[in-house]
Amino acid sequence: MDYRLLDGKKVSNETKEKIAKEAKRLTDDYGVRPGLAVVLVGNDPASQLYVNMKEKACKKANFYSKLIQLDERTSQDDVIDVIEDLNKNDNIHGILLQLPLPNGMNEKFVNSKISPEKDVDGFHAINAGNLFLGDKGFIPCTPKGILRLIKYYDIEIEGKDVVVIGRSNIVGKPAGLLLLNENATVTICHSKTRNISEYTKKADILISAVGRPHLIKKDMVKLGAIVVDAGTSKVDGKLYGDVDFENVKNNASWITPVPGGVGPMTIAMLLENTLEAYKKKWK
Ligand code: NAP
């Protein structure tokens, strides 16, 4: 079967260009740039890499970006003090707490201290609740990016059978809710799901967010399915998705590559959420 690529890199670049233009125009109007603060605790190399990517993206988008790098021995109370200062800072419109936090810290509790108006990751209970209710709020960047990518290519969602693999609060669960809110029929699978391929084989749209290289094989995918791979794992320095792309592509009508699929969309959605937070404050 001929497959087409869900080209996250292209869609992300187009989105980021639009955001950069709008940010410039709004800065000229209001005299303040959209600002994103990233709080990084400890020196996890992967987190450092993500933070650098976010800073670079901010710069390109004409945003102000502030990195607060804290020692891994910083106490939870001190991290919360930093967040509370950022909540009050008029130059900061979005706050991102880079996860994971060092052992011993309660991520949910620390995250709950970010003002919901600046919670551009969409992890705060207020924003998660709004998504649950189908109301407006910040949507976590990766699932938002998945939905944007599907919509960009005019793929119909209503009435489709969607299977999401993974039920984390940052990818799987919100992805399921978003597609349910788009009138898909959604099944969410996880590590305790029995006979997972019985579900995946019925999916019109299959979204994998697990982090296991090549978990999804060709015989698990229906002919003509739309396959979205959010998973990323590194093995011997090489990046793998959850989907065995080279074989699965022959069953798919649309498929995301890894890299170049969901990853770039996540960054674009982070900028978009920050711009949204800025506009709410200044407009
Ligand atoms: P996570 O919190 O570790 O969640 C993984 C989920 O996968 C869990 O719900 C787990 O089930 C499920 N799972 C584990 N093994 C499974 C199996 N064999 N079969 C079915 N389900 C299984 O991870 P996450 O934060 O959601 O991230 C998921 C993946 O997306 C990772 O590879 C991560 O690197 C990637 N990611 C990518 C981006 C991006 O921008 N591209 C952003 C965020 C995350 P249980 O709940 O039962 O444990």
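**Exercise 1. Pairing of strands 8 and 11**

Task: In this predicted model, identify the bridge partner of isoleucine 226 in strand 11.

Solution. Step 1: Strand 8 covers residues 225–229, and strand 11 covers residues 252–255. Step 2: The two strands run parallel and are joined by three bridges. Step 3: Within strand 11, tryptophan 254 is the bridge partner of isoleucine 226.

**Exercise 2. The six-stranded sheet**

Task: Determine in what order the six strands of the open sheet are arranged, and state which strands lie at its edges.

Solution. Step 1: The order is 1-11-8-7-5-6, with parallel pairing. Step 2: Strand 1 (4–5) and strand 6 are the edge strands, since each pairs on one side only. Step 3: At the strand 6 end of this order, strand 5 (residues 161–165) runs parallel to strand 6 (residues 185–189), and five bridges join them. Step 4: Valine 163 stands opposite threonine 187 of strand 6. Step 5: Helix 7 (residues 172–181) completes a β-α-β unit with strand 5 and strand 6, and the unit is right-handed.

**Exercise 3. The three-stranded sheet**

Task: Establish the strand order of the open sheet of three strands and the average angle by which its neighbouring strands are turned against each other.

Solution. Step 1: The strands follow the order 3-2-4, and their pairing is parallel. Step 2: Strand 3 (64–70) and strand 4 (94–97) are the edges, each pairing on one side only. Step 3: Neighbouring strands of this sheet are turned by 15° on average, direction ignored. Step 4: Seven bridges connect strand 2 (residues 35–41) with strand 3 in the parallel sense. Step 5: One pairing to inspect is that of valine 39, whose bridge partner in strand 3 is isoleucine 68.

**Exercise 4. Backbone geometry in the loops**

Task: State which residues are joined by a cis peptide bond in the loop after strand 4 and in the loop after strand 11, and give the approximate phi of aspartate 154.

Solution. Step 1: Most residues other than glycine have a negative phi, and most peptide bonds are trans. Step 2: Leucine 99 and proline 100 are joined by a cis peptide bond, with omega about 0°. Proline 100 belongs to the loop between strand 4 and helix 4 (107–111). Step 3: A cis peptide bond also joins valine 258 to proline 259, again with omega about 0°. Proline 259 lies in the loop between strand 11 and helix 10 (262–282). Step 4: Aspartate 154 has a positive phi, near 55°. This aspartate 154 is located in the loop between helix 6 (141–152) and strand 5.

**Exercise 5. The ligand environment**

Task: Describe the residues that surround the ligand, list polar contacts of its oxygen atoms, and state what share of its exposed area the protein buries.

Solution. Step 1: The ligand is surrounded by 20 residues, of which Arg167, Ser168, Ser191, Thr232 and Thr266 are the closest. Step 2: By class, this shell comprises eight nonpolar, 10 polar and two charged residues. Step 3: Polar contacts are taken as N or O pairs within 3.5 Å. A polar side-chain atom of serine 191 is 2.5 Å from a ligand oxygen atom. An N or O atom in the side chain of arginine 167 lies 2.7 Å from an oxygen atom of the ligand. Glycine 211 contributes a polar backbone atom, 3.4 Å from a ligand oxygen atom. Step 4: The ligand taken alone exposes 930 Å², and the protein buries 70% of that area.

Conventions: Residues numbered from 1 in each chain as written. Predicted model: local features only at pLDDT ≥ 70, side-chain atom pairs only at ≥ 80, totals over all residues. Heavy atoms only, no water. Near = heavy atom within 4 Å. Polar contact = N/O pair within 3.5 Å; in protein donor to acceptor, adjacent residues only side chain to side chain. Areas by Shrake-Rupley, 256 points an atom, 1.4 Å probe, with all protein chains shown as cover. Nonpolar A, V, L, I, M, F, W, Y, C, P; charged D, E, K, R; others polar. Pairing = 2+ DSSP bridges. Helix = DSSP H or I, 4+ residues; strand = E, 2+ residues; numbered from the N terminus. Right-handed = clockwise from strand over helix to strand, strands pointing away. Axes fitted to C-alpha atoms, helices over the stretch in contact; angles between N-to-C directions.
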